[in-house]
Amino acid sequence: MSNKMHVNLTVNGEDHEFLAEPRELLIYALREKLNITGPHVGCETSHCGACTVTMNGKSVKSCTVFVAQANGAEVTTIEGIGNPDALHILQESFKEHHGLQCGYCTPGMITRAVKLLEENSNPTEEDVRFGIAGNICRCTGYQNIVKSILSAASEMNAAKEAAQ
Amino acid sequence: MKDEITREDRVAGLKGLGCSRKRVEDARFTQGKGNYVDDIQLPGMLHGDFVRSPYAHARVKSINIEAAMALPGVVAVLTAKDLEPLNLHWMPTLAGDKQMVLADGKVLFQGQEVAFVVANDRYIAADAVELVEVDYEELEVIVDPFKSLQSDVVLREDLVAEDGSIPNGAHGPRKHPNHIFTWEAGEEEATNQVIGNADVVATEEMYYHRTHPCPLETCGSVASMDKVNGKLTLWGTFQAPHVVRTVASLLSGIEEHNIRVVSPDIGGGFGNKVGVYPGYVCSIVASIVTGVPVKWVEDRMENLMSTAFARDYWMKGKISATKEGKITGLHCHVTADHGAFDACADPTKFPAGFMNICTGSYDIPVAYLGVDGVYTNKAPGGVSYRCSFRVTEAVYFIERMIEVLAIELNMDPAELRSINFIKKEQFPYTAALGWEYDSGDYQTAWDKALLAVDYKGLRAEQAERVEAFKRGETRKVMGIGLSFFTEIVGAGPVKNCDILGMGMFDSCEIRIHPTGSAVARLGTISQGQGHATTFAQILATEIGLSAESITIEEGDTDTAPYGLGTYGSRSTPVAGAAAAMAGRKIRAKAQMIAAYLLEVHDNDVEFDVDRFVVKGSPEQFKTMKEIAYAAYNQAIPGLEPGLEAVSYYDPPNMTYPFGAYVCVMDIDVDTGVPEIRRFYALDDCGTRINPMVIEGQIHGGLTEALAVALGQEIAYDDMGNVKTATLMDFFLPTAWEVPNYETDFTVTPSPHHPIGAKGVGESPHVGGVPCFSNAVQDAFRPFGNRHTNMPHDHWRIWQTANNLGMHD
């Protein structure tokens with residue numbers, strides 16, 4: 001098709017350049033053009049948050065961002081948060097507190113949680129519940145997700161204090 | 001060799017039964033490295049997309065695919081005409097009916113599959129869907145099962161003989177063209193007699209609304225026909241991959257050994273992924289036709305409109321009791337709306353599932369259940385959404401009838417339950433509708449629950465609140481929701497449980513490697529339950545190797561032994577039992593190897609945690625690791641080399657988990673908003689394998705119960721339009737709406753299960769729905785409420801308050 005545009009994206013610190021139709025959604029560009037399959041598709045209407053990524057410093061639902069809108073953006077997905085040798089504290093915490101079951105919402109949920117703790121490093125339970133209300137989980141009932149995030153927050157704060 | 005670690009250390013080192021072992025699945029899921037069906041990309045893969053019917057009932061006069069085929073990138077457009085020569089335009093359902101794969105002359109529900117477009121990418125496929133022109137002639141729509149049974153409009157012309165007579169269905173005689181079956185259990189005459197002569201009778205009608213399991217991942221498949229080798233590989237969201245292989249073979253004519261079905265990681269199932277859907281069939285046909293892999297993944301709207309609804313039961317109950325509150329009889333009739341095709345996912349002989357568990361946890365001497373299945377212009381399905389077959393409906397029914405009877409008797413509903421519980425010493429207990437309950441200690445669980453929440457204190461507080469409301473001091477009323485449930489899970493004994501003729505056994509195959517690690521494969525498939533973690537725990541305790549050195553694999557029919565899959569809380573009761581039995585076979589051979597190595601008789605060694613010891617001299621032993629090595633490097637007289645075992649387990653009975661739940665709720669009568677102040681859940685699932693995983697299952701099941709009770713619904717208008725086809729309208733609770741739950745337990749092992757486990761995944765949903773609903777109804781009971789139907793969303797709660805004059 002001739003109606004394709006050049007898209008530049010920095011994803012998890014790596015630069016990508018590719019052709020895409022402007023109407024293509026960011027989630028499909030990530031998943032099918034760049035093989036970054038951590039973020040998932042759950043609804044394509046912004047309700048479920050399985051596709052959550054960080055774009056230019058903000059949590060966004062990549063299922064309702066056109067790749068044209070994302071042109072030139074910096075994107076972080078779950079793949080850019082920790083690695084097998086050094087997991088992010090939130091990744092460890094979700095494992096520790098059974099904050100996941102089927103794993104489908106988990107990449108979006110953790111990506112959102114990372115951002116949430118950047119926005120508010122010392123959240124109350126209510127802050128956490130409100131802060132992840134855009135991410136739906138069908139398995140856990142959220143109780144252990146909230147626990148995972150609160151526990152990660154205090155661990156991160158303790159590490160910060162120790163470093164000072 | 002001197003043993004320096006203690007026996008306790010050795011037990012802990014196994015990470016076996018009873019410990020909260022962290023999940024082995026989580027490493028990949030937390031790093032975005034799960035592998036779900038939509039993550040599969042194969043060279044040259046095409047994308048399929050459906051043209052769906054906008055009408056709920058219409059003739060399809062013509063389908064014009066020219067414009068769609070002309071679009072660059074479109075490879076094929078399949079219609080029923082293309083499938084007919086292959087005899088694939090219709091397919092058998094799990095319930096003994098048949099279902100159109102693609103519209104064959106007419107459409108019967110909104111969203112029905114009409115044509116399948118295959119294109120180079122998902123965008124072109126979606127564009128082409130818009131270009132397919134379908135000429136419809138609208139027909140009268142029936143969405144009400146009661147009207148359906150009176151109507152002259154025949155929904156399924158294929159089920160009426162040419163002379164107008166109505167042939168029998170898969171479950172016997174049909175009374176009307178739109179009638180599917182009548183299914184009965186118990187004794188109607190005796191029940192009516194008892195109820196007719198009773199001191200007290202309570203009657204109630206209730207509608208358990210239609211809803212949907214709505215896992216976060218929708219359904220999908222990737223089919224790849226390798227024409228060179230004649231082998232079909234099918235990846236998909238299958239809760240029962242082996243059954244899918246058999247069905248695919250029967251439908252396609254491809255021999256079963258040439259079909260490999262793989263369930264990769266599954267993003268939640270909850271019953272949605274038990275059925276066989278037109279999308280799976282079309283992806284297979286499209287791959288056969290095009291010779292390249294074809295992916296089909298439904299979007300959320302398609303998921304909610306076409307694959308697998310749940311419930312839709314209109315239930316009419318009569319319950320009788322003595323003045324003292326002893327229940328004497330129960331009568332239940334259900335009008336079951338099955339939609340356009342009977343595609344309910346139940347064991348073949350149970351067209352209403354295990355609805356006949358509807359006598360609940362109570363010792364009811366005589367009962368009757370009659371169920372009439374009816375066709376309407378709604379989506380097919382009837383899956384067990386996070387419950388064993390129709391058990392949520394059954395438990396909701398009896399737990400509402402108990403509440404209504406308590407009102408009739410002017411008795412406390414907690415006490416009424418106590419009076420009628422099946423007593424501990426009555427187990428095994430044969431219920432009036434036929435089931436033999438394996439074990440239970442209901443009163444102990446109930447007393448523990450009521451004590452934990454200070455039930456008496458709550459009732460006193462509620463009475464004060466009623467007075468305060470009447471004095472105008474508050475606009476919030478308080479409800480105490482109770483439920484006591486008995487589940488029936490672990491289907492099931494091959495003698496009476498099968499799916500499409502396949503007995504509902506399950507299986508486990510273990511291979512111990514020379515270095516003392518192992519791989520075990522089972523016929524089930526995890527969708528988030530954590531089988532790779534918990535099945536390894538069962539095996540660790542059975543065979544004495546650490547769970548950390550046991551890999552669990554499921555879902556690949558080329559490698560895993562045949563099993564019936566994961567739904568109806570059957571994995572632990574059936575496949576878990578197979579694991580234990582296979583483990584015991586390993587142990588039996590290990591005992592002979594140990595005896596040989598220790599130069600004693602077989603009977604002179606005994607198993608101890610992770611080793612065989614010589615009886616009476618524990619310093620003489622061989623560890624299971626040493627035994628595993630010996631199995632591969634020593635010639636042992638009379639024994640084959642190697643150490644592996646397989647077990648196909650046919651359960652002698654179902655298992656019967658139970659539990660006691662209490663919900664405390666405050667409701668603002670002016671906004672209709674309920675606030676859950678407290679939710680206490682006591683579960684007895686028999687032997688507990690992994691308490692952390694059990695708790696997680698309970699939190700999740702309760703949240704799905706909250707959703708169903710308080711708002712989640714698949715609603716249709718009179719034209720058969722689905723009114724709740726997106727997540728804007730279909731309620732999935734967020735973290736903001738969900739409370740923290742208190743979990744508790746008692747342990748009453750199943751006497752017939754090898755490790756005494758009963759299954760837990762679905763209990764919280766089964767017990768949770770009536771508990772949330774009872775809390776809402778109980779809040780309004782002091783103001784004259786008797787029964788209102790779910791879902792109790794804000795608007796309906798407001799209406800309840802308004803109808804009771806509470807806004808005056």
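These are my notebook entries on cores, strands, pockets and cavities in a predicted model.

**Entry 1: cores**

I started with the largest nonpolar core, which has 220 residues. Which of them touch the most other members? I got Ile149(A), Phe354(B), Met355(B), Tyr437(B), Phe679(B), Phe772(B) and Phe780(B). Helix H11 of chain B, residues 391–409, gives the most to this core, with 12 residues.

I then pulled the contacts of Ile149(A), skipping residues up to four places away in sequence. The list is Leu90(A), Phe94(A), Ala113(A), Leu116(A), Leu117(A), Val128(A) and Ile132(A). There is also a second, separate core of 47 residues, and it includes Leu14(B), Ile543(B), Ala579(B) and Ala590(B). General note to self: in soluble globular proteins, nonpolar side chains tend to be buried together.

**Entry 2: strand E30(B)**

Next I walked along strand E30 of chain B, residues 644–649, where the side chains alternate. Which ones are buried? Ala645(B), Ser647(B) and Tyr649(B) point to one face and are buried. Glu644(B), Val646(B) and Tyr648(B) point to the other face and are not buried. That fits the rule that side chains in a regular strand alternate between the two faces of the sheet.

For a partner, I found strand E24 of chain B, residues 506–512, which pairs with E30(B) in the antiparallel sense over 6 bridges. Across from Ser647(B) in E30(B) stands Cys508(B).

**Entry 3: a three-stranded sheet in chain B**

I looked up an open sheet of 3 strands, and its order is E6-E2-E8 in chain B, with antiparallel pairing. The edge strands are E6 (106–107) and E8, since each pairs on one side only. Strand E2(B), residues 58–64, shares 2 bridges with E6(B) in the antiparallel sense. Arg59(B) stands opposite Lys106(B) in E6(B).

**Entry 4: two buried small residues**

Gly382(B) sits in strand E18 of chain B, residues 381–383. Is Gly382(B) buried or exposed? It is buried, because its relative accessible area is 1% and buried means under 20%. Leaving out residues up to four places away in sequence, I see Gly382(B) touching Phe309(B), Cys344(B), Ala345(B) and Arg390(B). I also checked Glu399(B): it is 17 residues from Gly382(B) in sequence and 21 Å away in space, C-alpha to C-alpha.

Ser62(A) is in a loop, between strand E4 (58–61) and helix H2 (67–70) of chain A. With a relative accessible area of 0%, Ser62(A) is buried too. What does Ser62(A) touch, not counting residues up to four places away in sequence? I noted Leu25(A), Leu26(A), Ile27(A), Leu30(A), Cys51(A) and Val53(A).

**Entry 5: pockets**

The largest pocket comes out at about 1000 Å³. Of its 44 lining residues, the closest to the centre are Glu44(A), Asp49(B), Ala126(B), Asp299(B) and Glu302(B). The elements giving two or more residues to this lining are strand E1 (46–52), helix H5 (122–131), strand E8 (133–138), strand E14 (294–297) and helix H10 (300–306) of chain B. H5(B) gives the most, with 7 residues. By class, I have the lining of the largest pocket down as 22 nonpolar, 9 polar and 13 charged residues.

The second largest pocket holds about 660 Å³. How many residues line it? The answer is 26, and nearest its centre lie Leu706(B), Phe731(B), Trp736(B), Glu737(B) and His794(B). Strand E32 (673–684), helix H18 (691–710) and helix H20 (794–803) of chain B each supply at least two of the lining residues. E32(B) gives the most here, with 4 residues. The class split for the second largest pocket is 15 nonpolar, 5 polar and 6 charged.

**Entry 6: cavities**

Last, I looked at enclosed space and found 11 cavities of 30 Å³ or more. About 540 Å³ lies in the largest cavity. It is lined by 40 residues, and the closest to its centre are Gln529(B), Ser569(B), Gln697(B), Val760(B) and Gly761(B). Helix H15 (531–543), helix H16 (571–598) and H18 of chain B each supply at least two residues of this lining. By class, I count 15 nonpolar, 20 polar and 5 charged residues around the largest cavity.

Definitions and conventions. Residues are numbered from 1 along each chain as its sequence is written. Chains are lettered from A and ligands numbered from 1 in the order in which they are written. This is a predicted model: local features need pLDDT of at least 70, side-chain atom pairs count only at pLDDT 80 or more; totals for chains, interfaces and linings use all residues. Side-chain values use heavy atoms; hydrogens and water are left out. A nonpolar core is a set of buried Ala, Val, Leu, Ile, Met, Phe, Trp, Tyr and Cys residues joined through side-chain atoms within 4.5 Å. Buried means under 20% relative accessible area, exposed over 50%, partly exposed in between (1.4 Å probe, protein chains only). Contact means heavy atoms within 4.5 Å. On a 1 Å grid over the protein atoms alone, a cavity is a set of points where a 1.4 Å probe fits but cannot get out, and a pocket is an open set with protein on both sides within 12 Å along at least five of seven lines; lining residues have an atom within 4 Å of a point. Grid points are joined across faces, edges and corners, and a volume is the space filled by probe spheres set on the points. Ala, Val, Leu, Ile, Met, Phe, Trp, Tyr, Cys and Pro count as nonpolar, Asp, Glu, Lys and Arg as charged, and the others, Gly among them, as polar.
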